[in-house]
Amino acid sequence: MWMYILAVTAAVLSLLVGISTGSLSIPFSSIVRILAAEWFGAALPRHIPADWVPIVMAIRLPRVVLAFLVGASLALAGAAFQGLLKNALADPYTLGVSSGASVGAVLVIFLGWQWPFFGTFTLPVVSILFGMATLAAVLAFTRAVERRMSVETIILAGIIFGAFFSAFISLMIALTGEELRQIISWLMGSVAMRGWKYSGLLLPFFLVGAAVLIANSRELNAFAFGEAAALHVGVDVTRRKVIILTAAALLTGAAVSVSGTIGFVGLVVPHMVRLVCGPNYRVLLPLSLLYGGAFLVLADVAARTIIEPRELPIGVITALIGAPLFAVLFFRKMKRKMG
Amino acid sequence: MMLEVRAVSHRYGPKQVLDRVTFAVEKGEIFGILGPNGSGKTTLIKLISKELPLASGEIVIDGRKLSALSAKQWARMAAVLPQTAEAAPGYTVRETVALGRYPHQRGFFPTWTEDDEAALRDALAAVGLTGKIDEPLERLSGGERQRAYLARALAQEPKLLLLDEPTNHMDVSGQVRLLDRLAEAAHARGLTVVAVFHDMNAASLYCDRVLVLNKGKIAALGAPADVMTPALLEEVFAAPIVRLAHPASATPMFSFMPNKKQGESPVGGLRLSFLDDAAVLTAAAPLRVLSSALIGAGFQWATHFVNRQVGLDYDCSDAEGDMRRYLEQHGFPPERTVGMMTAVDVRDAVWLQKEGEAFSVAVMATAGVGNAVDAARAWQHQPLAARPGTINMVVVIDGVLTEAAFVQAVMTATEAKAKALADCSVCDPETGTLATGTSTDSLAVAATQTGQVFAYAGTATELGRALGRLVYEATVEALGRWEKRRKRR
């Protein structure tokens, strides 16, 4: 129980820090008052300047919420992939779905598409459509190769599709002129200047994906002992595998389509949670969700404050903070095990 | 019937691994599947456990067709203990065993019920891991981990338990503990067990019936004692196999015949030497011995025969332990030595050899008849404490003796000895009748087990006749020496 309280506290604190930090620093108490006033109609105290309200509500809140949802989605997907594929190096991008989503996004920038009605929102929509098409293709290919859909086949199929789509992206980068900067910065990932619409696009995928994965905690635990063991205790192996893969891939595709390919969160957050709380998915999934979200919110804070007023790519920051943090945890865990 | 397998065939590509295999296993039976590598035993288990799709034939578990069972339904009826389970780092014993409750849980977010907890506790108790419930799996020994997986299988509360070489990577104590627990659990719960065995001895000890597979076909099916014949096993495993009787269980035991050339070790290679208080016979190569000696009784392989002299006042209360210490002190390996005791002066030991055309026989004997007994009237005696044997004899035969020949050699030697006593007019002092021996005689019959094979050693055979004569002469001679020394005193 204490583990959940700690994680929820960390998540709430990270959100407050994310809203509070910026060129204009806003104290926590004021943030709480503003939120109370906006959501529950409480009176706004005199001492809070009125122009803080749009800064919190229209600029910072959507940004931290998006960062949180993206981080949570990637960490959940990473945890699921690592367990299902029984591969510590698996991350949300293993299956190639992110590459597919990226092709969609880069294509939109490359061709300068702006669909009527969608406007700038064309990019995430095209991206997620590409992501889902990729997932369908990978699963269909795996099934065609082998009806049982073994883990090895899935990983290989993901690598094949991923490499193919990466080549497409490189091709577009090579052919483009004007849009190079835009493409590269999208690929490195960002949650800046997105507004509520992007969170709105991600939210349904997040809710469904998270619920499906958490509902499959016991199956994921069984898969951790190998496919044969899962079968022996009565798991409908192929069906569950497709369900879990689909949920995790949708989380990934949706996250990539709204924020680009932010690395490291999905790989390392589940590992860090595992080091502290053990491998049981009933605990691992909710905690990965909370810590993944908190981690990305804080990474975003660092990305926009380190060399203010310029912003660094968030994908760079996740690795810059994440790698040393992981190294310390890993080192201490191994020492305790050996000593 | 708990399990029915009907005309099941399976092929990997062009290779036929199972060919119309049919058998049935009854409720509560421990059923073994034996066979060499590639005989199809693991494939058979994988077909029953739905790991492989069933292409031809039919499998029925407790009256229900395998194809009609969902994964969960199957797991409520049957459980599997695999050969090696993949490691899942970080999981505790509790979390591992709790997975066994999966098939009994329903709904998206099932609660852990009292039934689940009871089944888990029960399973852990059955495998003796209750104390390790919160240990991470990687901190258990290999045997304990395998028992944790057995507990997971038991937590499924199955009617049928499938095992694929469950003791493959375990040491002896781990194997025995796992199999004992398994047999106990099977008995207590009325569980049917179908197990693939690599080890013929484990199969023979624990199975009610065994199925022997060879190249995908049934080679034999029945009780281990009936079907596990050396001829069949030699054919199936393509290796020379010997079958013995287990000393404590009414089951056969098996070993290999190494294809090892033994050096020539004729009886001439024997050496008789004397210590202060013992006559020692040393062989160049181990001899197979059947004896009633104090040390190394029964069938044994031995290189030394020690006939130790003790005083008439020797305290017999721990003769065996004392003899063992004596052998160790004098540098004789107790596991390869046949040790006897006598009150007779060992310097009077008689050593006779006879070279026949096809065989040679030698006898070492010491005799004293202070406590001579007529075996037919010994019931008239007061029960006496055992005293050092006074006619000790070691018979060595150069040749291969069957077990029957060993027993006949013992009979022949004993009869010859009794006749020698009679001819020397040795009487039982209590009954006054002719004595047949003394109250604590020892006899060892040893054979080199190389060269000519002797199926029999009774008095109808040349060997038996030579043996009887030699024993007779040696006994008479030894008695004469004993008599002489007694008169001198």
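Contact here means heavy atoms within 4.5 Å; keep that in mind for the stops where one part of the fold covers another. One more thing before setting off: this is a predicted model.

**Stop 1: helix H10 of chain B**

Select residues 319-329 of chain B, which form helix H10. Which residues of this helix are buried? They are Ala319(B), Gly321(B), Met323(B), Tyr326(B) and Leu327(B). Now bring up what lies over them: the cover includes strand E13 (271-275), strand E14 (278-291), strand E15 (298-309) and strand E16 (337-342) of chain B. Step just past the end of H10(B) and you reach Gly331(B), with a positive phi of about 80°.

While you have these strands on screen, pick out Arg288(B) and Phe299(B). The charged end of Arg288(B) sits over the ring of Phe299(B), 4.3 Å from the ring's centre.

**Stop 2: the rest of chain B**

Colour chain B by domain. The assignment gives domain 1 as 3-256 and domain 2 as 270-378 + 385-488. Taken over C-alpha atoms, the centres of the two domains of chain B are 51 Å apart.

Two loop residues are worth a click here. Go to Ala238(B), in the loop between helix H9 (230-237) and strand E11 (241-245) of chain B. Its phi is near 50°, a positive value in a residue other than glycine. Ala238(B) is exposed, at 69% relative accessible area.

Then jump to Gln449(B), in the loop between strand E23 (442-447) and strand E24 (453-454) of chain B. Gln449(B) also has a positive phi, about 60°, without being a glycine. Is Gln449(B) buried or exposed? With a relative accessible area of 17%, Gln449(B) is buried.

**Stop 3: crossing to chain A**

For the crossing, select Arg152(B) together with Phe225(A). The charged end of Arg152(B) sits over the ring of Phe225(A), 5.1 Å from its centre.

Now show chain A alone as a cartoon. How many helices and strands are there in chain A? You'll find 14 helices and zero strands. The radius of gyration of chain A is 21 Å, close to the 20 Å that the globule rule gives for 339 residues, so chain A is as compact as a globular protein of that length. Rotate the chain and you'll see its C-alpha trace span about 65 × 55 × 40 Å along the principal axes.

Of the 339 residues in chain A, 55% count as buried. Among its contacts with a separation of 6 or more, 75% are between residues 24 or more positions apart. Switch on the surface if you like: the accessible area of chain A comes to about 14,700 Å², and 71% of that belongs to carbon and sulfur atoms.

**Stop 4: aromatic rings**

Over all chains, a search of the whole structure finds 10 aromatic pairs. Start with Trp113(A) and Trp115(A): their ring centres are 6.1 Å apart and their planes stand at 35°, so this pair is tilted. Both are partly exposed, Trp113(A) at 34% relative accessible area and Trp115(A) at 32%.

Next, select Phe161(A) and Phe165(A). Their ring centres lie 6.4 Å apart with the planes at 45°, so this pair is tilted. The two sit four residues apart in helix H6 (residues 151-175) of chain A, about one helical turn from each other. An α-helix has 3.6 residues a turn, so residues three or four places apart point the same way. Phe161(A) is buried at 18% relative accessibility, and Phe165(A) is buried at 16%.

Add Phe141(A), Phe164(A) and Phe168(A) to your selection: ring pairs link them with Phe161(A) and Phe165(A) into a cluster.

**Stop 5: two buried serines**

Phe165(A) leads straight to Ser99(A), since the contacts of Ser99(A) beyond four places in sequence are Gly162(A), Phe165(A), Ser166(A) and Ile169(A). Ser99(A) lies in helix H4 (residues 97-111) of chain A and is buried, with a relative accessible area of 13%.

Finish at Ser259(A), in helix H11 (residues 237-259) of chain A. Ser259(A) is buried, at 1% relative accessible area. What is Ser259(A) in contact with, leaving aside neighbours within four places in sequence? Val70(A), Trp186(A), Gly189(A), Ser190(A), Val191(A) and Arg194(A). For a last distance, go from Ser259(A) to Tyr198(A): 61 residues apart in sequence, they are 8.7 Å apart in space, C-alpha to C-alpha.

Definitions and conventions: Residues are numbered from 1 along each chain as its sequence is written. Chains are lettered from A and ligands numbered from 1 in the order in which they are written. This is a predicted model: local features need pLDDT of at least 70, side-chain atom pairs count only at pLDDT 80 or more; totals for chains, interfaces and linings use all residues. Side-chain values use heavy atoms; hydrogens and water are left out. Rings of Phe, Tyr and Trp (its six-membered ring) pair if their centres lie within 6.5 Å; planes under 30 degrees apart count as stacked, over 60 as edge-to-face and the rest as tilted. Buried means under 20% relative accessible area, exposed over 50%, partly exposed in between (1.4 Å probe, protein chains only). A charge sits over a ring if NZ of Lys or CZ of Arg is within 6 Å of the ring centre and within 35 degrees of the ring normal. The radius of gyration is taken over C-alpha atoms; the globule rule is 2.2 Å times the number of residues to the power 0.38. Accessible areas come from the Shrake-Rupley method with a 1.4 Å probe; for residues, only the protein chains shown count as cover. Domain bounds come from an automatic or database domain assignment.
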